[in-house]
Amino acid sequence: MGKRVLVGYATGTGYTTGVAEAIGSTLAERGYEVDVQRLDANPSATDYDACVIGSAVNGGAWRPEAMSWLASSAGALGARPVAAFCVHSMNGGADEKQTRKRLAYLDRVRAVVTPVAEGFFLGTGPTAEDTSGFARWAFKAFGGTAEGDARDWDAIRAWAAGLEL
C-alpha cells in the first residue's frame, strides 16, 4: 500500500473540483492511496501521509473555507509534506507583473506552511456568449487571462506527476 494522500480543495463554481480530481487520479496512477475531498467537509490531515491542497482564487486569495481549514490543520500539516495549488483566471501571463501577482496568491498559505511544490492553473474566464464586450475588455485590462474554460489538463497532470510527496 502506498502513501495516503489527501487532495483537498475549495471551489466556488466547481471548476476547481475537476482540477483536484485530475491531480488525484494522476497521484493514484503513481501508486498513492488518494482521497479527493472538499476542505469545507473538514477532512483530518492527521489521517494522511501527505496533503495536496488547493483553492479557487477570489480577490487575489484562496477562498475563506480553504484558509480556515489550513489554519485549523496547521499543526498536523507541519509534520507532513504539503503541496499547494491555485485555480485562477487572472494573471496567467509570463511577464514579471503578472508572475508577481500570481505568486502572491499563496502568500497567506506560505505564512502557515512551506509547500514542497506550488501549482498555478488557469480556470475559467468570460466568453462572448456570457459576457459583454466591455466586461471582457475590463477583465483583460485588470490582468484577466483565461477565456472560457482555460484549464490545461496536460499541465495539471504533469505537475501532479512530478510531485515529490
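A residue counts as buried when its relative accessible area is under 20%, as exposed when that area is over 50%, and as partly exposed in between. These terms are applied below to a predicted model. With 7% relative accessibility, asparagine 91 falls under the 20% limit and therefore counts as buried. Asparagine 91 is placed in the loop between S5 and helix H4, which spans residues 96-103. The backbone of this residue also deserves attention, since asparagine 91 has a positive phi of about 55 degrees although it is not a glycine. Most residues other than glycine have a negative phi.

Asparagine 42 likewise is not a glycine and has a positive phi of about 55 degrees. The loop that holds asparagine 42 runs between strand S2, residues 33-38, and S3. With a relative accessible area of 53%, asparagine 42 lies over the 50% limit and so is classed as exposed. The loop between S2 and S3 also contains leucine 39, and this residue, at 2% relative accessibility, counts as buried. Apart from neighbours within four places in sequence, leucine 39 is in contact with Gly8, Tyr9, Ala10, Ile53, Gly54, Ala66 and Trp69. Leucine 39 and threonine 11 are separated by 28 residues in sequence, while their C-alpha atoms are 9.1 Å apart in space.

Strand S3, which covers residues 50-58, includes alanine 50. The relative accessible area of alanine 50 is 0%, and the residue is therefore buried. When residues up to four places away in sequence are set aside, alanine 50 touches Arg4, Val5, Leu6, Arg80, Pro81 and Leu165. Between alanine 50 and valine 34, the separation is 16 residues in sequence and 9.8 Å from C-alpha to C-alpha.

Strand S3 also takes part in the largest pocket, to whose lining it gives the largest share, namely three residues. Rolling a probe the size of a water molecule over the atoms shows where empty space is left. In the largest pocket, this space amounts to about 180 Å³. The lining consists of 13 residues, and those nearest the centre of the pocket are Thr13, Ala56, Val57, Asn58 and Thr124. At least two lining residues are supplied by each of helix H1 (15-29), strand S3 and strand S5 (82-88). Sorted by class, the lining comprises eight polar residues, four nonpolar residues and one charged residue.

Helix H1 contains threonine 17, which is buried, with a relative accessible area of 18%. Leaving out residues up to four places away in sequence, threonine 17 touches Tyr9 and Thr11. Threonine 26 is also located in helix H1, and its relative accessible area of 6% makes it buried. A polar atom of the threonine 26 side chain lies 2.8 Å from the backbone oxygen of alanine 22. Farther along the sequence, and not counting residues up to four places away, the residues touched by threonine 26 are Arg157, Ala160 and Ala161.

Helix H7 consists of residues 153-161, and Ile156, Trp159 and Ala160 are buried within it. Seen down the axis of H7, these buried residues fall within an arc of 95 degrees, so they line one face of the helix. The elements against which the buried residues of H7 pack are H1, S3, S5 and strand S6, the last of these spanning residues 117-122. At the start of H7, the backbone nitrogen of aspartate 154 is reached to within 3.2 Å by a side-chain oxygen of aspartate 152.

A further set of contacts with this part of the chain involves arginine 30, which is placed in the loop between H1 and S2. Arginine 30 counts as partly exposed, at 35% relative accessibility. Setting aside residues up to four places away in sequence, arginine 30 touches Ala160, Ala161, Gly162 and Leu163. A polar atom of the side chain of arginine 30 lies 2.8 Å from the backbone oxygen of alanine 160. Arginine 30 and arginine 108, by contrast, are 78 residues apart in sequence and 30 Å apart in space, C-alpha to C-alpha.

Notes
Residues numbered from 1 in each chain as written. Predicted model: local features only at pLDDT ≥ 70, side-chain atom pairs only at ≥ 80, totals over all residues. Heavy atoms only, no water. 1 Å grid on protein atoms, 1.4 Å probe; cavity = no way out; pocket = protein on both sides within 12 Å on 5 of 7 lines; lining within 4 Å. Points joined across faces, edges and corners; volume = space filled by probe spheres on them. Helix = DSSP H or I, 4+ residues; strand = E, 2+ residues; numbered from the N terminus. Nonpolar A, V, L, I, M, F, W, Y, C, P; charged D, E, K, R; others polar. Buried < 20%, exposed > 50% of the residue type's maximum accessible area, 1.4 Å probe, protein only. Arc of directions from axis to C-beta. Contact = heavy atoms within 4.5 Å. Polar contact = N/O pair within 3.5 Å; in protein donor to acceptor, adjacent residues only side chain to side chain.
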